Amino acid sequence: MIDQDTHAPTPEFRAALERRLIDALRAGDSVTPITSRHAPRRRWRTAAAIAAGLLLGVSVNFAAGQVQQNKQRDSVVATLELQQQLAALKLDLARSEADLARRKFGVGAVSSVTVAAAEAELRAREIAVAKAALDIAEAQATAAAPRDEMWAKLVNGRDFVLERLKLDEQSASQRLLAAKAALDEAQRGFQAGAVMQAHLTEMQLALQSAQDDLDLLARKELLRRETIEKKLHPDDATRRLQQMEAQSDVRRAQRELGLAQQRLAIASAQLRAGTMSELDAKRLELNLLERQGELAKLMQLLKALEQRKEK
Amino acid sequence: MLTEPELLRIYADTIDALYAFVSRRCGGIREVAEDITQDTWLRALRDWRAHGVPEVPIAWLTTVARNLLANTYRHPEQVPLDGVTQERLLAAADEQPIGDDAGVAQLVSYALTKLPPAEARLLEAFHFDRFKVAQIAEAYGVSERAIEGRLRRARERLRRELETVLKAQGGLA
(Lines give C-alpha, C1' and ligand atoms only; values in the text may rest on other atoms or scores of the structure.)
Protein backbone atom coordinates (compact mmCIF):
# COMPACT_ATOMS: atom_id res chain seq x y z
CA MET A 1 0.00 0.00 0.00
CA ILE A 2 1.03 3.54 -0.53
CA ASP A 3 0.85 6.07 2.27
CA GLN A 4 -1.49 9.06 2.26
CA ASP A 5 1.26 11.51 1.27
CA THR A 6 1.68 9.73 -2.07
CA HIS A 7 -0.86 12.00 -3.66
CA ALA A 8 0.59 15.19 -2.17
CA PRO A 9 3.46 17.09 -3.83
CA THR A 10 6.76 17.11 -1.96
CA PRO A 11 7.79 20.51 -0.51
CA GLU A 12 10.84 20.43 -2.79
CA PHE A 13 8.72 19.96 -5.89
CA ARG A 14 6.22 22.62 -4.81
CA ALA A 15 8.93 25.18 -4.18
CA ALA A 16 10.91 24.36 -7.32
CA LEU A 17 7.90 24.59 -9.61
CA GLU A 18 6.81 27.86 -8.01
CA ARG A 19 10.27 29.27 -8.52
CA ARG A 20 10.31 28.16 -12.18
CA LEU A 21 6.93 29.72 -12.82
CA ILE A 22 7.95 33.04 -11.30
CA ASP A 23 11.18 33.03 -13.29
CA ALA A 24 9.22 32.24 -16.45
CA LEU A 25 6.70 34.98 -15.76
CA ARG A 26 9.47 37.52 -15.16
CA ALA A 27 11.38 36.41 -18.23
CA GLY A 28 8.21 36.60 -20.29
CA ASP A 29 9.03 33.21 -21.67
CA SER A 30 8.69 29.55 -20.95
CA VAL A 31 11.45 27.74 -19.09
CA THR A 32 13.21 24.45 -19.10
CA PRO A 33 11.44 21.96 -16.90
CA ILE A 34 12.93 21.29 -13.45
CA THR A 35 14.04 17.90 -14.62
CA SER A 36 13.21 15.78 -17.58
CA ARG A 37 13.21 12.52 -15.72
CA HIS A 38 10.04 11.12 -17.15
CA ALA A 39 10.08 9.57 -20.55
CA PRO A 40 7.27 7.33 -21.71
CA ARG A 41 7.75 4.05 -19.87
CA ARG A 42 8.47 1.13 -22.14
CA ARG A 43 7.80 -2.41 -21.27
CA TRP A 44 10.69 -3.76 -23.28
CA ARG A 45 13.97 -2.22 -22.38
CA THR A 46 17.43 -2.67 -23.81
CA ALA A 47 18.08 -6.35 -24.34
CA ALA A 48 21.68 -5.94 -23.24
CA ALA A 49 20.62 -4.46 -19.96
CA ILE A 50 18.24 -7.31 -19.30
CA ALA A 51 20.90 -9.84 -20.13
CA ALA A 52 23.44 -8.06 -17.94
CA GLY A 53 20.93 -7.88 -15.11
CA LEU A 54 20.21 -11.62 -15.34
CA LEU A 55 23.87 -12.53 -15.55
CA LEU A 56 24.82 -10.41 -12.61
CA GLY A 57 21.91 -11.68 -10.60
CA VAL A 58 20.45 -8.25 -9.97
CA SER A 59 16.96 -7.17 -10.87
CA VAL A 60 16.17 -6.26 -14.45
CA ASN A 61 14.62 -3.03 -13.31
CA PHE A 62 17.78 -2.05 -11.51
CA ALA A 63 19.91 -2.76 -14.58
CA ALA A 64 17.54 -0.82 -16.79
CA GLY A 65 17.55 2.01 -14.27
CA GLN A 66 21.33 2.10 -14.32
CA VAL A 67 21.38 2.26 -18.11
CA GLN A 68 18.84 5.04 -18.07
CA GLN A 69 20.81 6.93 -15.42
CA ASN A 70 24.05 6.60 -17.37
CA LYS A 71 22.34 7.74 -20.56
CA GLN A 72 20.90 10.71 -18.75
CA ARG A 73 24.26 11.59 -17.21
CA ASP A 74 25.98 11.40 -20.62
CA SER A 75 23.30 13.54 -22.18
CA VAL A 76 23.39 16.22 -19.45
CA VAL A 77 27.19 16.31 -19.37
CA ALA A 78 27.39 16.54 -23.18
CA THR A 79 25.08 19.57 -23.14
CA LEU A 80 27.08 21.22 -20.37
CA GLU A 81 30.35 20.55 -22.16
CA LEU A 82 29.02 22.35 -25.20
CA GLN A 83 28.15 25.30 -22.99
CA GLN A 84 31.62 25.20 -21.50
CA GLN A 85 33.21 25.29 -24.97
CA LEU A 86 31.06 28.27 -25.85
CA ALA A 87 32.04 29.97 -22.58
CA ALA A 88 35.71 29.32 -23.39
CA LEU A 89 35.34 30.93 -26.81
CA LYS A 90 33.72 33.98 -25.25
CA LEU A 91 36.57 34.12 -22.74
CA ASP A 92 39.15 34.19 -25.55
CA LEU A 93 37.27 37.05 -27.17
CA ALA A 94 37.03 38.98 -23.89
CA ARG A 95 40.74 38.45 -23.28
CA SER A 96 41.61 39.91 -26.70
CA GLU A 97 39.32 42.87 -26.10
CA ALA A 98 40.83 43.55 -22.67
CA ASP A 99 44.36 43.45 -24.19
CA LEU A 100 43.27 45.85 -26.90
CA ALA A 101 41.68 48.21 -24.36
CA ARG A 102 44.87 48.24 -22.26
CA ARG A 103 47.02 49.00 -25.32
CA LYS A 104 44.69 51.80 -26.39
CA PHE A 105 44.74 53.21 -22.86
CA GLY A 106 48.56 53.13 -23.01
CA VAL A 107 48.54 55.52 -25.98
CA GLY A 108 45.71 57.65 -24.58
CA ALA A 109 43.10 56.48 -27.08
CA VAL A 110 40.56 55.32 -24.45
CA SER A 111 39.82 56.18 -20.82
CA SER A 112 40.40 54.06 -17.73
CA VAL A 113 36.65 53.41 -17.70
CA THR A 114 36.91 51.44 -20.94
CA VAL A 115 39.75 49.39 -19.47
CA ALA A 116 37.80 48.74 -16.25
CA ALA A 117 34.74 47.68 -18.25
CA ALA A 118 36.81 45.34 -20.45
CA GLU A 119 38.46 43.82 -17.38
CA ALA A 120 35.11 43.33 -15.70
CA GLU A 121 33.87 41.55 -18.82
CA LEU A 122 37.01 39.40 -18.88
CA ARG A 123 36.54 38.44 -15.25
CA ALA A 124 32.87 37.63 -15.88
CA ARG A 125 33.88 35.34 -18.75
CA GLU A 126 36.52 33.60 -16.63
CA ILE A 127 33.87 33.00 -14.00
CA ALA A 128 31.43 31.66 -16.59
CA VAL A 129 34.02 29.06 -17.59
CA ALA A 130 34.62 28.15 -13.94
CA LYS A 131 30.87 27.82 -13.38
CA ALA A 132 30.53 25.59 -16.42
CA ALA A 133 33.20 23.31 -14.94
CA LEU A 134 31.28 23.23 -11.65
CA ASP A 135 28.07 22.34 -13.47
CA ILE A 136 29.80 19.46 -15.23
CA ALA A 137 31.24 18.16 -11.96
CA GLU A 138 27.79 18.27 -10.38
CA ALA A 139 26.10 16.57 -13.33
CA GLN A 140 28.71 13.82 -13.31
CA ALA A 141 28.07 13.24 -9.63
CA THR A 142 24.26 13.29 -9.78
CA ALA A 143 23.43 12.21 -13.34
CA ALA A 144 21.03 15.15 -13.45
CA ALA A 145 21.04 18.79 -14.42
CA PRO A 146 22.77 21.06 -11.86
CA ARG A 147 20.45 22.41 -9.18
CA ASP A 148 20.66 25.92 -7.93
CA GLU A 149 17.84 26.11 -5.41
CA MET A 150 18.66 27.36 -1.94
CA TRP A 151 17.47 24.06 -0.51
CA ALA A 152 19.31 21.82 -2.98
CA LYS A 153 21.10 19.02 -1.14
CA LEU A 154 24.86 18.75 -0.85
CA VAL A 155 26.36 16.42 -3.43
CA ASN A 156 28.77 13.98 -1.80
CA GLY A 157 29.39 16.62 0.86
CA ARG A 158 30.09 19.32 -1.72
CA ASP A 159 28.04 22.50 -1.79
CA PHE A 160 27.78 23.40 -5.47
CA VAL A 161 25.18 26.08 -4.80
CA LEU A 162 27.50 27.95 -2.46
CA GLU A 163 30.47 27.53 -4.81
CA ARG A 164 28.47 29.09 -7.63
CA LEU A 165 27.37 31.96 -5.40
CA LYS A 166 31.00 32.68 -4.51
CA LEU A 167 31.91 32.83 -8.18
CA ASP A 168 29.00 35.19 -8.81
CA GLU A 169 30.27 37.32 -5.95
CA GLN A 170 33.69 37.64 -7.59
CA SER A 171 32.05 38.74 -10.82
CA ALA A 172 29.85 41.26 -8.98
CA SER A 173 32.91 42.69 -7.19
CA GLN A 174 34.55 43.30 -10.53
CA ARG A 175 31.42 45.02 -11.85
CA LEU A 176 31.39 47.21 -8.74
CA LEU A 177 34.98 48.30 -9.43
CA ALA A 178 34.07 49.13 -13.04
CA ALA A 179 31.04 51.13 -11.86
CA LYS A 180 33.22 53.07 -9.42
CA ALA A 181 35.67 53.91 -12.19
CA ALA A 182 32.81 55.06 -14.42
CA LEU A 183 31.39 57.26 -11.64
CA ASP A 184 34.80 58.82 -10.90
CA GLU A 185 35.17 59.78 -14.52
CA ALA A 186 31.60 61.13 -14.69
CA GLN A 187 32.25 63.26 -11.60
CA ARG A 188 35.40 64.70 -13.15
CA GLY A 189 33.48 65.43 -16.36
CA PHE A 190 30.65 67.04 -14.44
CA GLN A 191 33.02 69.30 -12.50
CA ALA A 192 34.61 70.34 -15.78
CA GLY A 193 31.17 71.04 -17.25
CA ALA A 194 31.50 68.31 -19.87
CA VAL A 195 28.89 65.95 -18.42
CA MET A 196 25.19 66.53 -17.70
CA GLN A 197 23.69 66.02 -14.25
CA ALA A 198 21.46 63.22 -15.57
CA HIS A 199 24.49 61.25 -16.77
CA LEU A 200 26.17 61.68 -13.41
CA THR A 201 23.03 60.47 -11.65
CA GLU A 202 22.90 57.49 -13.98
CA MET A 203 26.45 56.54 -13.05
CA GLN A 204 25.59 56.91 -9.35
CA LEU A 205 22.63 54.62 -9.84
CA ALA A 206 24.78 52.09 -11.69
CA LEU A 207 27.17 52.06 -8.75
CA GLN A 208 24.33 51.58 -6.28
CA SER A 209 22.94 48.75 -8.37
CA ALA A 210 26.33 47.05 -8.50
CA GLN A 211 26.61 47.41 -4.72
CA ASP A 212 23.09 46.03 -4.33
CA ASP A 213 23.92 43.01 -6.48
CA LEU A 214 26.93 42.30 -4.31
CA ASP A 215 24.91 42.69 -1.10
CA LEU A 216 22.22 40.40 -2.44
CA LEU A 217 24.78 37.72 -3.22
CA ALA A 218 26.23 38.01 0.28
CA ARG A 219 22.75 37.60 1.75
CA LYS A 220 22.09 34.62 -0.50
CA GLU A 221 25.28 33.03 0.75
CA LEU A 222 24.13 33.49 4.35
CA LEU A 223 20.73 32.04 3.51
CA ARG A 224 22.30 29.06 1.79
CA ARG A 225 24.48 28.34 4.83
CA GLU A 226 21.50 28.69 7.14
CA THR A 227 19.36 26.43 4.93
CA ILE A 228 21.93 23.66 5.11
CA GLU A 229 22.89 24.10 8.77
CA LYS A 230 19.37 24.54 10.15
CA LYS A 231 17.72 22.32 7.53
CA LEU A 232 15.24 25.03 6.60
CA HIS A 233 12.03 23.92 4.95
CA PRO A 234 12.29 24.39 1.14
CA ASP A 235 9.19 26.60 1.17
CA ASP A 236 10.76 28.87 3.80
CA ALA A 237 14.10 29.05 2.02
CA THR A 238 12.36 29.87 -1.26
CA ARG A 239 10.10 32.46 0.37
CA ARG A 240 13.05 34.20 2.02
CA LEU A 241 15.02 34.20 -1.22
CA GLN A 242 12.06 35.64 -3.10
CA GLN A 243 11.69 38.35 -0.46
CA MET A 244 15.36 39.27 -0.74
CA GLU A 245 15.16 39.45 -4.51
CA ALA A 246 11.92 41.40 -4.42
CA GLN A 247 13.39 43.91 -1.92
CA SER A 248 16.39 44.35 -4.18
CA ASP A 249 14.12 44.79 -7.21
CA VAL A 250 12.06 47.38 -5.33
CA ARG A 251 15.18 49.40 -4.44
CA ARG A 252 16.31 49.28 -8.06
CA ALA A 253 12.87 50.32 -9.31
CA GLN A 254 12.79 53.21 -6.80
CA ARG A 255 16.13 54.46 -8.04
CA GLU A 256 15.06 54.19 -11.67
CA LEU A 257 11.88 56.08 -10.84
CA GLY A 258 13.96 58.83 -9.21
CA LEU A 259 16.12 59.06 -12.32
CA ALA A 260 13.06 59.19 -14.59
CA GLN A 261 11.60 62.02 -12.45
CA GLN A 262 14.86 63.93 -12.65
CA ARG A 263 15.04 63.50 -16.43
CA LEU A 264 11.48 64.66 -16.82
CA ALA A 265 12.12 67.76 -14.69
CA ILE A 266 15.13 68.64 -16.87
CA ALA A 267 13.10 67.93 -20.01
CA SER A 268 10.29 70.26 -18.84
CA ALA A 269 12.81 73.08 -18.44
CA GLN A 270 14.30 72.30 -21.85
CA LEU A 271 10.84 72.19 -23.40
CA ARG A 272 10.06 75.64 -22.02
CA ALA A 273 13.40 76.89 -23.35
CA GLY A 274 12.63 75.36 -26.74
CA THR A 275 15.65 73.02 -26.71
CA MET A 276 13.62 69.82 -26.58
CA SER A 277 10.81 68.57 -28.79
CA GLU A 278 7.39 67.75 -27.35
CA LEU A 279 7.72 64.21 -28.66
CA ASP A 280 10.93 63.59 -26.69
CA ALA A 281 9.35 65.09 -23.58
CA LYS A 282 6.33 62.76 -24.02
CA ARG A 283 8.66 59.78 -24.27
CA LEU A 284 10.24 60.72 -20.96
CA GLU A 285 6.80 61.13 -19.43
CA LEU A 286 5.85 57.65 -20.66
CA ASN A 287 9.06 56.26 -19.25
CA LEU A 288 8.19 57.77 -15.88
CA LEU A 289 4.74 56.18 -15.96
CA GLU A 290 6.26 52.81 -16.82
CA ARG A 291 8.70 53.07 -13.92
CA GLN A 292 5.82 53.97 -11.57
CA GLY A 293 3.83 50.96 -12.81
CA GLU A 294 6.78 48.65 -12.38
CA LEU A 295 7.44 49.87 -8.88
CA ALA A 296 3.78 49.42 -7.90
CA LYS A 297 3.85 45.87 -9.26
CA LEU A 298 7.00 45.02 -7.35
CA MET A 299 5.67 46.53 -4.13
CA GLN A 300 2.54 44.40 -4.53
CA LEU A 301 4.66 41.28 -5.02
CA LEU A 302 6.80 42.09 -2.01
CA LYS A 303 3.71 42.57 0.11
CA ALA A 304 2.29 39.24 -1.06
CA LEU A 305 5.56 37.51 -0.24
CA GLU A 306 5.76 39.10 3.20
CA GLN A 307 2.24 37.96 3.99
CA ARG A 308 3.06 34.34 3.29
CA LYS A 309 3.39 32.38 6.46
CA GLU A 310 6.40 30.49 7.61
CA LYS A 311 6.15 26.69 7.58
CA MET B 1 -2.33 40.36 -17.67
CA LEU B 2 -1.14 37.72 -15.20
CA THR B 3 0.73 39.30 -12.29
CA GLU B 4 3.14 37.60 -9.90
CA PRO B 5 0.90 37.97 -6.82
CA GLU B 6 -1.99 36.50 -8.80
CA LEU B 7 0.18 33.64 -10.02
CA LEU B 8 1.40 32.93 -6.47
CA ARG B 9 -2.13 32.96 -5.12
CA ILE B 10 -3.55 30.62 -7.77
CA TYR B 11 -0.57 28.33 -7.47
CA ALA B 12 -0.94 28.09 -3.70
CA ASP B 13 -4.69 27.48 -4.04
CA THR B 14 -4.49 24.76 -6.68
CA ILE B 15 -1.18 22.92 -6.54
CA ASP B 16 -2.29 20.30 -3.99
CA ALA B 17 -5.55 19.57 -5.76
CA LEU B 18 -3.91 19.41 -9.18
CA TYR B 19 -1.11 17.15 -8.00
CA ALA B 20 -3.57 14.81 -6.26
CA PHE B 21 -5.73 14.72 -9.40
CA VAL B 22 -2.75 13.66 -11.51
CA SER B 23 -1.19 11.38 -8.92
CA ARG B 24 -4.35 9.33 -8.40
CA ARG B 25 -4.63 8.75 -12.14
CA CYS B 26 -1.06 7.53 -12.49
CA GLY B 27 -1.18 5.38 -9.39
CA GLY B 28 1.06 7.63 -7.28
CA ILE B 29 4.09 7.30 -9.59
CA ARG B 30 5.86 10.43 -8.42
CA GLU B 31 7.99 11.10 -11.48
CA VAL B 32 4.96 10.91 -13.78
CA ALA B 33 2.83 13.03 -11.45
CA GLU B 34 5.54 15.69 -11.12
CA ASP B 35 6.22 15.87 -14.85
CA ILE B 36 2.56 16.18 -15.76
CA THR B 37 1.83 18.70 -13.00
CA GLN B 38 4.80 20.77 -14.12
CA ASP B 39 3.90 20.55 -17.79
CA THR B 40 0.31 21.56 -16.99
CA TRP B 41 1.45 24.65 -15.10
CA LEU B 42 3.94 25.72 -17.78
CA ARG B 43 1.14 25.48 -20.35
CA ALA B 44 -1.13 27.44 -18.04
CA LEU B 45 1.44 30.19 -17.75
CA ARG B 46 1.82 30.49 -21.51
CA ASP B 47 -1.92 30.46 -22.11
CA TRP B 48 -2.94 32.74 -19.24
CA ARG B 49 -0.31 35.29 -20.12
CA ALA B 50 -1.74 35.50 -23.62
CA HIS B 51 -5.46 35.11 -22.90
CA GLY B 52 -5.96 35.93 -19.24
CA VAL B 53 -6.72 33.74 -16.24
CA PRO B 54 -9.81 31.52 -16.68
CA GLU B 55 -12.74 31.95 -14.35
CA VAL B 56 -12.10 28.64 -12.58
CA PRO B 57 -8.34 27.96 -12.80
CA ILE B 58 -8.49 24.50 -11.25
CA ALA B 59 -10.98 23.38 -13.90
CA TRP B 60 -8.65 24.61 -16.63
CA LEU B 61 -5.67 22.92 -15.00
CA THR B 62 -7.35 19.55 -14.51
CA THR B 63 -8.64 19.55 -18.08
CA VAL B 64 -5.14 20.12 -19.44
CA ALA B 65 -3.69 17.57 -17.02
CA ARG B 66 -6.27 15.01 -18.14
CA ASN B 67 -5.26 15.53 -21.77
CA LEU B 68 -1.59 15.18 -20.91
CA LEU B 69 -2.33 11.99 -18.99
CA ALA B 70 -4.27 10.69 -21.97
CA ASN B 71 -1.26 11.39 -24.19
CA THR B 72 0.99 9.58 -21.74
CA TYR B 73 -1.23 6.52 -21.63
CA ARG B 74 -2.42 6.54 -25.22
CA HIS B 75 -0.21 3.63 -26.22
CA PRO B 76 -0.36 0.34 -24.33
CA GLU B 77 3.40 -0.18 -24.68
CA GLN B 78 3.87 2.92 -22.49
CA VAL B 79 1.95 1.30 -19.67
CA PRO B 80 4.00 -0.87 -17.30
CA LEU B 81 2.43 -4.26 -16.77
CA ASP B 82 4.92 -5.67 -14.31
CA GLY B 83 3.31 -6.94 -11.16
CA VAL B 84 -0.30 -6.43 -12.28
CA THR B 85 -2.48 -9.53 -11.93
CA GLN B 86 -5.44 -10.29 -14.13
CA GLU B 87 -7.75 -10.53 -11.13
CA ARG B 88 -6.75 -7.17 -9.71
CA LEU B 89 -7.03 -5.47 -13.08
CA LEU B 90 -10.49 -6.81 -13.85
CA ALA B 91 -11.62 -6.05 -10.30
CA ALA B 92 -10.95 -2.40 -11.15
CA ALA B 93 -13.91 -2.52 -13.50
CA ASP B 94 -16.11 -3.68 -10.63
CA GLU B 95 -17.75 -1.49 -8.12
CA GLN B 96 -15.00 -0.52 -5.73
CA PRO B 97 -12.77 2.52 -6.30
CA ILE B 98 -9.23 1.78 -7.46
CA GLY B 99 -6.78 1.37 -4.59
CA ASP B 100 -3.21 2.53 -4.55
CA ASP B 101 -2.02 -0.02 -7.08
CA ALA B 102 0.13 1.96 -9.49
CA GLY B 103 0.03 -0.62 -12.28
CA VAL B 104 -3.75 -1.00 -12.16
CA ALA B 105 -4.29 2.77 -11.98
CA GLN B 106 -2.13 3.35 -15.04
CA LEU B 107 -3.82 0.59 -17.03
CA VAL B 108 -7.24 1.95 -16.15
CA SER B 109 -6.05 5.43 -17.22
CA TYR B 110 -5.01 3.90 -20.52
CA ALA B 111 -8.34 2.08 -20.95
CA LEU B 112 -10.25 5.27 -20.15
CA THR B 113 -8.67 6.98 -23.17
CA LYS B 114 -10.55 4.42 -25.32
CA LEU B 115 -13.96 5.21 -23.81
CA PRO B 116 -16.36 7.96 -24.87
CA PRO B 117 -15.41 11.11 -22.88
CA ALA B 118 -18.68 11.26 -20.91
CA GLU B 119 -18.31 7.69 -19.67
CA ALA B 120 -14.64 8.21 -18.93
CA ARG B 121 -15.45 11.28 -16.77
CA LEU B 122 -18.06 9.35 -14.86
CA LEU B 123 -15.69 6.48 -14.15
CA GLU B 124 -12.91 8.88 -13.19
CA ALA B 125 -15.17 10.61 -10.71
CA PHE B 126 -16.04 7.27 -9.15
CA HIS B 127 -12.77 5.35 -9.36
CA PHE B 128 -10.12 8.05 -8.97
CA ASP B 129 -11.80 10.95 -7.23
CA ARG B 130 -13.82 8.59 -5.05
CA PHE B 131 -17.05 10.48 -5.24
CA LYS B 132 -20.10 8.66 -3.98
CA VAL B 133 -22.98 7.92 -6.34
CA ALA B 134 -25.12 10.45 -4.48
CA GLN B 135 -22.49 13.19 -4.98
CA ILE B 136 -22.13 12.41 -8.68
CA ALA B 137 -25.93 12.39 -9.08
CA GLU B 138 -26.12 15.80 -7.42
CA ALA B 139 -23.36 17.19 -9.62
CA TYR B 140 -25.03 15.87 -12.78
CA GLY B 141 -28.49 16.90 -11.59
CA VAL B 142 -29.98 13.44 -12.11
CA SER B 143 -31.20 10.65 -9.86
CA GLU B 144 -28.86 8.20 -8.17
CA ARG B 145 -30.58 5.43 -10.05
CA ALA B 146 -29.73 7.09 -13.36
CA ILE B 147 -26.08 7.42 -12.33
CA GLU B 148 -25.95 3.80 -11.24
CA GLY B 149 -27.26 2.78 -14.67
CA ARG B 150 -24.69 4.93 -16.48
CA LEU B 151 -21.92 3.66 -14.24
CA ARG B 152 -22.90 0.06 -14.93
CA ARG B 153 -22.76 0.59 -18.68
CA ALA B 154 -19.48 2.50 -18.45
CA ARG B 155 -17.97 -0.25 -16.29
CA GLU B 156 -18.95 -2.88 -18.84
CA ARG B 157 -17.19 -0.91 -21.52
CA LEU B 158 -14.14 -0.42 -19.29
CA ARG B 159 -14.05 -4.14 -18.60
CA ARG B 160 -14.07 -4.88 -22.33
CA GLU B 161 -11.20 -2.45 -22.87
CA LEU B 162 -9.21 -4.02 -20.05
CA GLU B 163 -9.85 -7.49 -21.48
CA THR B 164 -8.56 -6.24 -24.82
CA VAL B 165 -5.36 -5.12 -23.10
CA LEU B 166 -5.05 -8.56 -21.50
CA LYS B 167 -5.52 -10.30 -24.81
CA ALA B 168 -3.04 -8.05 -26.56
CA GLN B 169 -0.42 -8.76 -23.93
CA GLY B 170 -1.15 -12.50 -23.82
CA GLY B 171 -2.32 -12.47 -20.21
CA LEU B 172 -0.67 -10.96 -17.17
CA ALA B 173 1.35 -12.07 -14.22
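Colleague: Does Leu69(B) count as buried or exposed?

Modeller: In this predicted model, Leu69(B) is found in helix α3 of chain B, which covers residues 57-72. The cut-off for a buried residue is 20 or more other C-beta atoms within 10 Å, and Leu69(B) has 25 C-beta neighbours inside that distance, so the residue counts as buried.

Colleague: Which residues is Leu69(B) in contact with, leaving aside its neighbours within four places in sequence?

Modeller: One of these partners is Cys26(B), which is 43 residues from Leu69(B) in sequence and yet 8.0 Å away in space, C-alpha to C-alpha. With the neighbours within four places set aside, the full list for Leu69(B) is Val22(B), Arg25(B), Cys26(B), Ile36(B) and Ser109(B).

Colleague: What share of the contacts in chain B with a separation of 6 or more comes from residues 24 or more positions apart?

Modeller: Chain B has 8 helices and 0 strands, and along the sequence its pattern reads α-α-α-α-α-α-α-α. Of its 173 residues, 36% count as buried. Among the contacts in chain B with a separation of 6 or more, the share from residues 24 or more positions apart is 66%.

Colleague: How do α1(B) and α2(B) lie to each other, and what term describes that arrangement?

Modeller: Helix α1 of chain B, residues 4-25, packs with helix α2 of chain B, residues 30-51, at an angle of about 135°, and their axes are 9 Å apart. Angles over 145 degrees count as roughly antiparallel and those from 65 to 115 as roughly perpendicular, with the rest outside the roughly parallel range taken as oblique. The angle therefore makes α1(B), with respect to α2(B), oblique.

Colleague: Which residues make the contact between α1(B) and α2(B), and how many nonpolar, polar and charged residues does the contact have?

Modeller: The crossing in which α1(B) passes α2(B) is right-handed. From α1(B) the contact takes Leu18(B), Tyr19(B), Val22(B) and Ser23(B), while α2(B) supplies Ala33(B), Ile36(B), Thr37(B) and Thr40(B). Divided by class, the residues in the contact of α1(B) with α2(B) are 5 nonpolar, 3 polar and no charged.

Colleague: What span from first C-alpha to last does helix α5 of chain A reach?

Modeller: Helix α5 of chain A covers residues 160-191 and has 32 residues, for which 46 Å is expected at 1.5 Å a residue. After α5(A) comes Gly193(A), whose phi is positive, near 80°. The span that α5(A) reaches is close to the expected one, at 47 Å.

Colleague: How do α5(A) and α6(A) run with respect to each other, and what is the make-up of their contact by class?

Modeller: Helix α6 of chain A, residues 197-229, packs with α5(A) at an angle of about 160°, their axes being 8 Å apart, and the two helices are therefore roughly antiparallel. The crossing of α5(A) past α6(A) is left-handed. By class, the contact of α5(A) with α6(A) has 18 nonpolar, 5 polar and 8 charged residues.

Colleague: What is the handedness of the crossing of α7(A) and α8(A), and how do the residues of their contact divide by class?

Modeller: Helix α7, residues 234-273, and helix α8, residues 278-307, both of chain A, pack at an angle of about 160° with axes 8 Å apart, and they are therefore roughly antiparallel to each other. Their crossing, that of α7(A) and α8(A), is left-handed. The residues of the contact of α7(A) with α8(A) divide into 17 nonpolar, 8 polar and 10 charged.

Colleague: Where does Asn156(A) lie, and why does it count as exposed?

Modeller: Asn156(A) has a positive phi of about 50° although it is not a glycine, and its place is the loop between α4 (112-142) and α5 of chain A. A residue is exposed if 12 or fewer other C-beta atoms lie within 10 Å, and Asn156(A) counts as exposed because its C-beta neighbours inside 10 Å number 7.

Colleague: Is Lys231(A) buried or exposed?

Modeller: Lys231(A), which is not a glycine, has a positive phi of about 50°, and it sits in the loop between α6 and α7 of chain A. With 9 other C-beta atoms within 10 Å, Lys231(A) is exposed.

Colleague: What percentage of the residues in chain A is buried?

Modeller: Chain A has 8 helices and 0 strands, and residues 24 or more positions apart account for 70% of its contacts with a separation of 6 or more. Of the 311 residues in chain A, the buried ones make up 24%.

Note on methods
Residues numbered from 1 in each chain as written. Chains lettered and ligands numbered in written order. Predicted model: local features only at pLDDT ≥ 70, side-chain atom pairs only at ≥ 80, totals over all residues. Helix = DSSP H or I, 4+ residues; strand = E, 2+ residues; numbered from the N terminus. Contact = placed C-beta atoms within 7 Å. Axes fitted to C-alpha atoms, helices over the stretch in contact; angles between N-to-C directions. Parallel < 35°, antiparallel > 145°, perpendicular 65-115°, else oblique. Left-handed = near helix turned anticlockwise from the far one by under 90°. Nonpolar A, V, L, I, M, F, W, Y, C, P; charged D, E, K, R; others polar. Expected span 1.5 Å × (residues − 1).
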